[in-house]
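Here are my notes on this model. Please read them with the coordinates open.

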Amino acid sequence: MVYTKEELDPKTEKYRKYFDLTTVKREPGKFSESYSYKIRYKLDLAGEKIPQGKATYTTKTALSDEAVKIGFDNRLEVLKKYGLNKGKPKGGKSFYKMLESYYQEGSKYLQDDSVSNKRVVVTKSRRDAQTFIESDLIPYLRENKIFRIEEITTPVYNGLKTYLQAKGLKDKTINNRLNFLTRILDYHLRNGGLEKLPYTKGTALLRITGKQEKEDAEMRGY
């Protein structure tokens with residue numbers, strides 16, 4: 001994009017329509033000044049306000065005119081990246097909070113799930129799911145340093161099966177608990193948080209036979 005001389009001139013402050021300039025401390029030995037300018041973008045590509053600090057670019061200059069030019073030159077690249085990441089599920093504490101709240105009564109996740117699958121999770125199953133998440137899933141994910149939904153890969157998913165087996169749980173119980181997780185994964189796949197599931201058809205659950213297999217296939221309790 002082409003910007004006018006007035007927009008590029010920091011004295012006019014016309015750049016402030018798009019971003020603000022702040023200063024960040026720098027090591028005196030590496031920089032002639034003990035600071036450089038940081039650019040904080042204010043509006044995304046759709047013109048919507050960006051939460052403070054969510055789209056920034058740190059320059060290596062202490063000159064305001066250079067910082068303004070850099071702000072304009074890098075604007076589209078930074079905002080495109082911001083747009084791509086905006087809809088992705090958050091990691092860390094937000095990720096675990098999502099897991100803990102997924103099966104709470106009336107949660108937005110269950111509402112989406114009910115509309116999409118035309119099934120309602122009954123009270124007992126919700127409680128069983130929350131117990132599984134708090135007692136098994138979150139401890140397993142923390143142990144393996146998994147902090148985002150997309151980090152639940154095929155090895156991580158299969159490792160959970162082994163983890164549950166090592167606790168002495170019956171295959172049927174393990175499959176019921178894995179079903180709780182697959183619903184969470186399905187939600188994020190459906191809403192763009194995952195590009196693909198960490199399993200293919202027929203590999204999500206443990207293989208069991210006879211009457212027990214029939215019961216698990218019917219997903220009793222839903």
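The points below cover the basis of the model, its cores, one loop residue and one helix.

1. This is a predicted model: local features need pLDDT of at least 70, side-chain atom pairs count only at pLDDT 80 or more, and totals for chains, interfaces and linings use all residues. Numbering starts from 1 along each chain as its sequence is written, and side-chain values use heavy atoms, with hydrogens and water left out.

2. The largest nonpolar core (buried Ala, Val, Leu, Ile, Met, Phe, Trp, Tyr and Cys residues joined through side-chain atoms within 4.5 Å) has 35 residues. Leu99, Tyr103, Leu141 and Leu160 touch the most other members. At least two residues each come from helix 4 (93-102), helix 5 (108-117), helix 6 (123-143), helix 7 (154-166) and helix 8 (171-190). Helices are DSSP runs of H or I, at least four residues; strands are runs of E, at least two.

3. A second, separate core has 16 residues, including Tyr15, Tyr41, Ala67 and Val78.

4. Phe147 sits in the loop between helix 6 and helix 7. Its relative accessibility is 36%, so Phe147 counts as partly exposed. Buried means under 20% relative accessible area, exposed over 50%, partly exposed in between (1.4 Å probe, protein chains only). Beyond neighbours within four places in sequence, Phe147 is in contact (heavy atoms within 4.5 Å) with Gly91, Gly92, Phe95 and Tyr96.

5. Which residues of helix 3 are buried? They are Arg75, Val78, Leu79 and Tyr82. These cover an arc of only 95° around the axis (from directions to the C-beta atoms), so they lie on the same side of helix 3. On the other side, Glu77, Lys80, Lys81 and Leu84 are exposed.
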